[in-house]
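Reader: I would like to learn how to read the strands in a structure. Where should we start?

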Amino acid sequence: MVFERSAALLFCIVAVFQITVASPPTFNIDYKHDCFRKDGEVFRYISGSIHYNRIPRVYWKDRLLKMYMAGLNAIQTYIPWNFHELDPGHYDFSGDRDVTHFLQLAQDLGLLVILRPGPYICGEWDMGGLPAWLLKNKDVVLRSSDPDYIAAVDKWMGKLLPLIKPFLYQNGGPVITVQVENEYGSYFACDYNYLRHLTSLFRSHLGNEVVLFTTDGAGVSYLKCGSLQGLYATVDFGPGSNVTAAFSAQRYAEPHGPLVNSEFYTGWLDHWGEKHSLVSTAAIVKSLNEMLSLGANVNMYMFIGGTNFGYWNGANTKYAPQPTSYDYDAPLTEAGDLTDKYFAIRDVIKMYRKIPQGPVLPSTPKYAYGSVKMSQLTTITKAADILSFGGPVKTMYPLTFIELNQKFGYVLYRTTLPVDCSKPTPLSSPMNGVHDRAYVSMNGVASGILERNKVITTNITGKAGDQLDVLVENMGRINYGKEINDFKGLVSNLTLASQELRDWEVFSLSIDEAITEGLLWEGNPSLPFRSSILSPPAFYTGSFIIPDGIPDLPQDTYILFPGWKKGQVWINGFNLGRYWPDRGPQVTLFVPANILSTSASNNVTVLELEGAPCNPGPCTVEFTTMAVLNATVTSLSDQTRQLFRKEDLL
Ligand SMILES: *[C@@H]1O[C@H](CO)[C@@H](O)[C@H](O)[C@H]1NC(C)=O
Ligand SMILES: *[C@@H]1O[C@H](CO)[C@@H](O)[C@H](O)[C@H]1NC(C)=O
Ligand SMILES: *[C@@H]1O[C@H](CO)[C@@H](O)[C@H](O)[C@H]1NC(C)=O
Ligand SMILES: *[C@@H]1O[C@H](CO)[C@@H](O)[C@H](O)[C@H]1NC(C)=O
Ligand SMILES: *[C@@H]1O[C@H](CO)[C@@H](O)[C@H](O)[C@H]1NC(C)=O
């Protein structure tokens, strides 16, 4: 009896043990049947891109649930290195940067994850996700076997990949595949040793089971430098492409295995001064249907674009920065709202897989808080000492942002006129070295603007000894192509007539910190009235109270700048991004509810660079319920760009 019972018990324990060890989760490629296999079963993903770094953390769940309800079984995200390693060895994975929390949420909601940890990501993100501090070595060859670059990559991946490892599908997590680099075949370096190094680095941290892959343009020329033995080669292309031809490019690199479009474009990116990109739902539905009927795996880029808050937007060449909104004309808007495109895509997916039952979460409500009266605070010229925590650096010739250890924002370059300029005299950047836009003032009075590739000369007048201030704005680093070593500030000398200007005082400005710490409130006199078109870069402030007695406030809203030209805006110290209605096409900025307060008055701080409508008034900003991203632009661009053509971004 006793013997029998314990034998039975032993049998049970062995059986349970066998079940748990016999079938750990697996995800791999079946080359024989041209498909993925998940736990041994044929598997195909229908995925959408969402970048956690472009959405406030409180909204991650809302957006992911909407993606799940559209019928997706996976999501795709980048991990931008510069969002996490702000200075060498200083990491931030908290709050809006808590990427493992994001992965956990996706898993909890029933979504798998396709992870793209770079190190380079492109993504219309500052410097393609590479940290600007890499440029401290002036001659660094990014995205190559350059030893300085590799050392930094090794250190970063040594931090990041161990955090990711528990989230791999094999380890019980949601991550089914991991991308190595990004569209490397579009980069000039074509350094196979670099790709080989990344492959063994990823393998050493993540193990041998995980599917590693690459993504490149759907053309043999891209796949030549972008693909590598041991990395599964996938392609990207937009609606309207010849799907058969595009996938036969993938077959050039991968004669067998699943067909994968890693970036199927649901919309397209924008640039300041260029028409807002729109992509028709009909074209998306047609191509999506075609790909799915071939059994292909598809990731829709973007499913929700979100926002380039703060200074995070990138730029293309000829220098053309992207706006603050990354709406992308995606199926979910920048604010996470449902669109006709969303439901049309859902209808296509329905034909191929069972989609979840039940109602789709509604769009989040918006509230029009109305007009907020703004008043002048101080100018950059007057506040330079307060804003520059370390004080000015004296230098014969201009220093770049990175030489000053500044990554983003604004630097003030100050000198005095060496000679009388009683007649208008050209102040020039003969080497086109204003990166990216400079606001020139004489003795605190605005006198002109210089802009990279567009305006290299402005006239000034003044007397010998007069104070010349040149405030230089970093408008976002180039994120694509061979010019990603994008130094900011005055990267070459300015000349007055033909004389090189010397003996500068350079103020590295900590504007974000000064606003958070309330330093701009300290009794600065307001500006004298001037009727000229330009006014010097200056701060303005206003506040508003969220009304009582209305349920569910605060709600999201959009801020509008009637009569304002160009600048940066903060609400309660949160840097919302750049506004530039004067150039367009973006006119309103998305304001997420989580930065608003119901218990205190909400503080709006504006740095207007060119001319506020305050003098004389009325001078207000306005909160409205409607996004406007498609204003008409006066074509300032010297090139016309086609949708989905990455060559047009070079
Ligand atoms: C698409 O490409 C395939 C393969 O290159 C070609 O045979 C076919 O004619 C193309 N279809 C169209 C509509 O151009
Ligand atoms: C600068 O002034 C000169 C005359 O003094 C004029 O010819 C020239 O057009 C002006 N340049 C600009 C950029 O305004
Ligand atoms: C400015 O000119 C000086 C002398 O011509 C040169 O040594 C220096 O490198 C230049 N500075 C920049 C930032 O180009
Ligand atoms: C706005 O500024 C006022 C005055 O400094 C302060 O009392 C208030 O707490 C601030 N509001 C928020 C939401 O931080
Ligand atoms: C912008 O989009 C709105 C809404 O779709 C449309 O009504 C309006 O005509 C568009 N404006 C321009 C200038 O294209």
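Author: Start with pairing: two strands pair if DSSP finds at least two bridges between them. Note also that this is a predicted model.

Reader: Which residue in strand 9 does Ile-114 stand opposite?

Author: Ile-114 stands opposite Thr-177. Strand 8 and strand 9 (residues 175-179) pair in the parallel sense, over three bridges. From strand 8 the chain passes through helix 5 (residues 147-164) and on to strand 9. This β-α-β crossover is right-handed.

Reader: What is the bridge partner of Thr-77 in strand 8?

Author: Leu-115 is that partner. Strand 5 (residues 74-78) pairs with strand 8 in the parallel sense, and five bridges join them.

Reader: How do I read the side chains of a strand?

Author: In a regular strand the side chains alternate between the two faces of the sheet. Now take strand 8. Leu-112, Ile-114 and Arg-116 point one way. Val-113 and Leu-115 point the other way.

Reader: Is strand 8 (residues 112-116) mostly covered or uncovered?

Author: Mostly covered. Buried means under 20% relative accessible area, and five of the five residues in strand 8 are buried.

Reader: How do I read the order of strands in a sheet?

Author: List the strands from one edge to the other. One open sheet of four strands has the order 24-20-27-28, with antiparallel pairing.

Reader: Why is one side of strand 24 and of strand 28 left without a neighbour in the sheet?

Author: Strand 24 (457-462) and strand 28 (499-500) stand at the edges, so each has a single partner strand. For strand 28, look at strand 27 (residues 495-496): the two pair in the antiparallel sense over two bridges. There, Leu-496 has Gln-499 of strand 28 as its bridge partner.

Notes
Residues are numbered from 1 along each chain as its sequence is written. Chains are lettered from A and ligands numbered from 1 in the order in which they are written. This is a predicted model: local features need pLDDT of at least 70, side-chain atom pairs count only at pLDDT 80 or more; totals for chains, interfaces and linings use all residues. Side-chain values use heavy atoms; hydrogens and water are left out. Buried means under 20% relative accessible area, exposed over 50%, partly exposed in between (1.4 Å probe, protein chains only). A crossover is right-handed if, with the strands pointing away from the viewer, the path from the first strand over the helix to the second runs clockwise.
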